[in-house]
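Me: I want to check each label against its definition. Can we go through them one by one?

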Amino acid sequence: MRVRENPHLCLKCLPKMREIMSRSKKHNEKLKKKKGQNQPYMSILFIVIVIAIFGAALYLIISKSASLEPVNKEAIKMTISMAGFEPNIIRAKAGQPVTINLINPDNSHHTDGGGVHNFMLTEGLASLMSGVDITVLPESQEVFTFTPAKPGEYHWYCDSCCGGKENPSMHGTLIVA
Ligand SMILES: [Cu+2]
């Protein structure tokens, strides 16, 4: 500070100033060296973070595509995931029981509904039945039977994710002849 304030230094001050400047130069070099020493650690840390992120993404992809074999081979095999029901149209005959093996391949990492889906059918059934409301937990399956009462077109839906009944992809149609 004093140096800048007074550019016309006396000869007495000159050696002192040189010493200060040299010290500051040495300090800067030291800092640079230290920074250089830290760089390999930073690169390793960066690589580790990148690997961790890719690993997590890969795990999510693999676990999502895990398919489950239906436990009941006689039943209608149906899948419910974030993409909707597959198939989303089934045909049945009035008075004849329909058995569905509903498979949920989604894992519990889904932020919406935690990977839980369900099958809700509240119309077209025999008066004795109050409706079908089956919940399928992540990466599991359920087998259930219902009997449509009379011919017509009825709709089922998933009530546990993505806005429930309002979600257009979480629907299915039951066509009863
Ligand atoms: Cu759902």
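**Labels and their cut-offs**

Me: Why does E139 count as partly exposed?
Reply: E139 has 17 C-beta neighbours inside 10 Å. A residue is buried with 20 or more other C-beta atoms within 10 Å of its own, exposed with 12 or fewer, and partly exposed in between; C-beta atoms are placed from the backbone. The value 17 falls in between, so E139 counts as partly exposed.

Me: What kind of model is this, and how are its residues numbered?
Reply: It is a predicted model, where local features need pLDDT of at least 70, side-chain atom pairs count only at pLDDT 80 or more, and totals for chains, interfaces and linings use all residues. Residues are numbered from 1 along each chain as its sequence is written.

Me: What is the average confidence, and where is it lowest and highest?
Reply: pLDDT is the predictor's confidence in each residue, from 0 to 100. The chain averages 84, and 84% of the residues score at least 70. Helix α1 (residues 2–5) is lowest, at a mean of 50. Strand β3 is highest, at 98.

Me: What makes a stretch a helix or a strand, and how many are there?
Reply: Both are DSSP runs, numbered from the N terminus: helices are H or I with at least four residues, strands are E with at least two. The chain has 2 helices and 9 strands. From the N terminus, the two α elements come ahead of the β elements.

Me: What is unusual about phi in E139?
Reply: Most residues other than glycine have a negative phi, and most peptide bonds are trans. E139 has a phi near 50 degrees, a positive value, and is not glycine. It sits in the loop between β6 and β7 (140–146).

Me: How do you know whether the bond from E86 to P87 is cis or trans?
Reply: Look at omega. It is near 0 degrees, and the bond is cis. P87 lies in the loop between β2 (84–86) and β3.

**The two sheets**

Me: What makes two strands a pair, and how do β5 and β6 fit?
Reply: DSSP must find at least two bridges between them. Strand β5 (residues 117–121) has 5 bridges to β6 and runs antiparallel to it. With 5 bridges against a cut-off of two, β5 and β6 therefore pair. Two residues show it: N118 has T135 as its bridge partner in β6, and L121 stands opposite V132.

Me: How do you know that β5 and β8 pair?
Reply: They share 2 bridges, in the antiparallel sense. The cut-off is at least two, so the count just reaches it. L121 has W156 as its bridge partner in β8.

Me: Which sheet holds these strands, and what makes a strand an edge strand?
Reply: It is an open sheet of 5 strands, ordered β3-β9-β8-β5-β6, with mixed pairing. β3 (89–92) and β6 (132–136) are the edge strands, since each pairs on one side only. β8 and β9 are joined by 6 bridges, antiparallel. There, H155 of β8 is matched with T173 of β9.

Me: Why are β2 and β7 called edges of the other sheet?
Reply: That open sheet has 4 strands, in the order β2-β1-β4-β7. β2 and β7 each have a single partner strand, so one side of each is left without a neighbour in the sheet. Inside it, β1 (residues 76–81) and β4 run parallel, joined by 4 bridges. K77 has N101 of β4 as its bridge partner.

**The buried part**

Me: What makes β5 mostly covered?
Reply: Of its 5 residues, 4 are buried. For the whole chain of 177 residues, the buried share is 16%.

Me: What is called a nonpolar core, and which residues touch the most other members of the largest one?
Reply: A core is a set of buried Ala, Val, Leu, Ile, Met, Phe, Trp, Tyr and Cys residues joined through C-beta atoms within 7 Å. The largest has 16 residues. I80, L102, F119, L121, W156 and C158 touch the most other members. β4 (98–104), β5, β8 (152–157) and β9 (171–176) each supply at least two residues. β4 gives the largest share, 3 residues.
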